[in-house]
Amino acid sequence: MKIWVDADACPAVIKDILYRAAERAQVPLTLIANQLLRVPPSPWIRALQVPAGFDVADRRIAEEAGAGDLVITADVPLAAQVIAKGAAVIDPRGDLLDARNIEERLTMRNFMQGLRESGVQTGGPAAISHADRQAFANQLDRWVAKRPRD
């Protein structure tokens, strides 16, 4: 069981929570991004830089993630891809995405994208709040607690 992070857009506070959890639970954590990332020295944590380009990091995560893994991303199409492979997904606000709710999320994402493409100003997401950080940490702890031990 591994944790894969769509790190280009992942907030620093969420990465910090992930670093601590990977160390504590001794679970492999890989951050994938188009840019060079600095991560704490640890046998459990690594950063992987992929070439620049549209969805290059997402494609790499989709290739690497497998059944039982956890993916951290706010990218709904990526979430749908890895859920289809049996991975779990937590977004940076602590929402668990799975087979029960991913279609709804995809529909809403496509609807909002259609609005933006037609010129409607939809605004961006709010900043990560303390409640979001806590929800993320709680959801991550639940995943870590239920993963099988070697």
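A salt bridge is a side-chain nitrogen of Lys or Arg within 4 Å of a carboxyl oxygen of Asp or Glu. Side chains of opposite charge can pair when their charged atoms come close. In this predicted model, R105 forms such a bridge with D95, and their closest N and O atoms are 2.9 Å apart. R105 sits in helix α4 and D95 in the loop between β5 and β6, so the pair ties together parts that are 10 residues apart in sequence. This pair will come up again below, after a look at the whole chain.

The protein has 5 helices and 6 strands. Along the sequence these elements follow the pattern β-α-β-β-α-β-α-β-β-α-α. The radius of gyration is 15 Å, close to the 15 Å that the globule rule gives for 150 residues, so the protein is as compact as a globular protein of that length. Taken along the principal axes, the C-alpha atoms fill a box of roughly 50 × 35 × 30 Å.

Some overall values describe how the chain is packed. Of the 150 residues, 41% are buried. Among contacts with a separation of 6 or more, 49% are between residues 24 or more positions apart. The protein exposes about 8,500 Å², and carbon and sulfur atoms supply 54% of that area. As for charge, there are 19 positive and 19 negative charges, and their mean positions are 4 Å apart.

Helix α2 gives a local example of packing. This helix covers residues 56-64, and V56, A57, D58, I61 and A62 are its buried residues. What do the buried residues of α2 pack against? Their partners are the strands β1 (3-6), β2 (29-33) and β4 (70-72), together with helix α3 (76-84).

Just before α2 comes D55, in the loop between β3 (45-49) and α2. With a relative accessibility of 30%, D55 counts as partly exposed, because that value falls between the 20% limit for buried and the 50% limit for exposed. D55 is not a glycine, yet has a positive phi of about 65°.

Q26 also has a positive phi, about 55°, although it is not a glycine. This residue is found in the loop between α1 and β2. Q26 is partly exposed, with a relative accessible area of 48%. Leaving aside residues up to four places away in sequence, Q26 touches A21, W44 and R147. The C-alpha atoms of Q26 and G53 are separated by 32 Å, and the two residues are 27 residues apart along the chain.

Now back to the salt bridges, of which the count comes to 6. One of them joins the side chains of R24 and D141, at 2.9 Å from N to O. R24 lies in helix α1 (residues 12-25) and D141 in helix α5 (residues 130-146), so this pair ties together parts that are 117 residues apart in sequence. Are these two residues buried or exposed? R24 counts as exposed, at 55% relative accessibility, while D141 is partly exposed, with a relative accessible area of 37%.

Another salt bridge joins the side chains of D91 and R105, with 3.5 Å between N and O. D91 lies in the loop between β5 (88-90) and β6 (96-97), and R105 in helix α4 (residues 102-117), so the pair ties together parts that are 14 residues apart in sequence. D91 counts as buried, at 8% relative accessibility. R105 counts as partly exposed, at 28%.

R105 is also the residue paired with D95 at the start of this text, with the closest N and O atoms 2.9 Å apart. Which residues do the shared partners join into one network? Salt bridges that share partners link D91, D95 and R105 in this way. D95 counts as partly exposed, at 33% relative accessibility, whereas D91 counts as buried.

Technical notes
Residues numbered from 1 in each chain as written. Predicted model: local features only at pLDDT ≥ 70, side-chain atom pairs only at ≥ 80, totals over all residues. Heavy atoms only, no water. Helix = DSSP H or I, 4+ residues; strand = E, 2+ residues; numbered from the N terminus. Rg over C-alpha atoms; globule rule 2.2 N^0.38 Å. Buried < 20%, exposed > 50% of the residue type's maximum accessible area, 1.4 Å probe, protein only. Contact = heavy atoms within 4.5 Å. Areas by Shrake-Rupley, 256 points an atom, 1.4 Å probe, with all protein chains shown as cover. Lys, Arg positive; Asp, Glu negative; His and termini not counted. Charge placed at Lys NZ, Arg CZ, Asp CG, Glu CD.
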